[in-house]
Amino acid sequence: MARISSYPRDLEVTDGDAWVGTESSNRLTRNFTAAAVAKYLNIKGKISISAQMVFKFTQTNPPASGQFSGPANDSNIAAITTMQISNVDASGQNTVEFMEYLVGNNILISEQNNISLFGHFTIDSYTLNNNVATLNLTNIFGNGVLDLDKFYDFAVFTLSSQGAPTFVFTQGIPATTWNIQHNLAKFPSVSVINNNDVVINGEVTYIDNKNVQLNFSAGFTGKAYLN
């Protein structure tokens, strides 16, 4: 066999180019294409991209490690309001603390290698039960449908036109005191409305830069907007 240095260099790598290597399971010699290597790196998250996770869309309920489920196959991405998602993504990284931090913020869910099939959402809540979480979403915009067994990138995404993020808190039981834990890491402005969309004024107490307490003269249900 000739010295490797004697072979001409190919500076234009294409999908069909191949390298000789060893199969780890049986130690047999195999050739691996550039496209296959790229797919492996994408799906397994071997190249770290900050604030991005990878999950496979499945109909298994509950989803296994590295998967998400809930919507039907061929569902319009823009119509998705909830899904079940593993606490570990396809690369094996535990995503719980990061996903909890993102509640109230925006996320882009897009099919790998097909960015035009996407959904832009606000994460309303993330509720973990054992190794699977329920993710409740409000759609901002989207295009296309979900495709079974395809891999999707989940990435933090906020358009500059959206301005500062808004944390939305829902008080479902009438109460005079609302305790709100948010993830804005600041002392936000607070606006409150009742279920009739009437603005209600109350006393705002900042516990710290992630917690605020609202006190009202009478109990009611509604929403608080923090930004």
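This passage walks through some strands, turns and aromatic contacts of the structure above.

The model is a predicted one, so local features need pLDDT of at least 70 and side-chain atom pairs count only at pLDDT 80 or more, while totals for chains, interfaces and linings use all residues. Residues are numbered from 1 along each chain as its sequence is written, and side-chain values use heavy atoms, with hydrogens and water left out.

A good place to start is the run of strands β6, β7 and β8. Strands here are DSSP runs of E with at least two residues, numbered from the N terminus, and two of them pair if DSSP finds at least two bridges between them. Strand β6 (residues 106-111) sits antiparallel to β7 (residues 114-129), with 6 bridges between them; one of the matched positions is L108, whose bridge partner in β7 is H120. The two strands make a hairpin with 2 residues in between, and N113 in that turn has a positive phi of about 65 degrees. On we go to β8 (residues 132-143), which is antiparallel to β7 and joined to it by 11 bridges. Here I123 has L137 in β8 as its bridge partner. Again there is a hairpin with 2 residues between the strands. Its turn holds N130, which is not a glycine yet has a positive phi of about 60 degrees. N130 counts as exposed because its relative accessibility is 66% (buried is under 20% relative accessible area, exposed over 50% and partly exposed in between, with a 1.4 Å probe and protein chains only).

Two other loops also have something to show. R27, in the loop between β1 (18-22) and β2 (29-33), has a positive phi too, near 65 degrees, and is exposed at 60% relative accessibility. Between β3 (52-57) and β4 (67-69) lies P62, and the peptide bond leading to P62 from N61 is cis, with omega near 5 degrees.

Then there are the rings. Those of Phe, Tyr and Trp (its six-membered ring) pair if their centres lie within 6.5 Å; planes under 30 degrees apart are stacked, over 60 edge-to-face and the rest tilted. The whole structure has 10 aromatic pairs. One of them, F68 with Y152, is edge-to-face, at 5.8 Å between centres and 85 degrees between planes. This pair links distant parts of the chain, with F68 in β4 and Y152 in β9 (residues 151-156), 84 residues apart. Both F68 and Y152 are buried. F169 and W178 form a tilted pair, because their centres are 6.1 Å apart and their planes at 50 degrees. F169 is buried at 17% relative accessibility, and W178 is buried at 0%. Finally, F68 and Y152 belong to one aromatic cluster with F55, F57 and F154.

Note on methods: Helix = DSSP H or I, 4+ residues; strand = E, 2+ residues; numbered from the N terminus.
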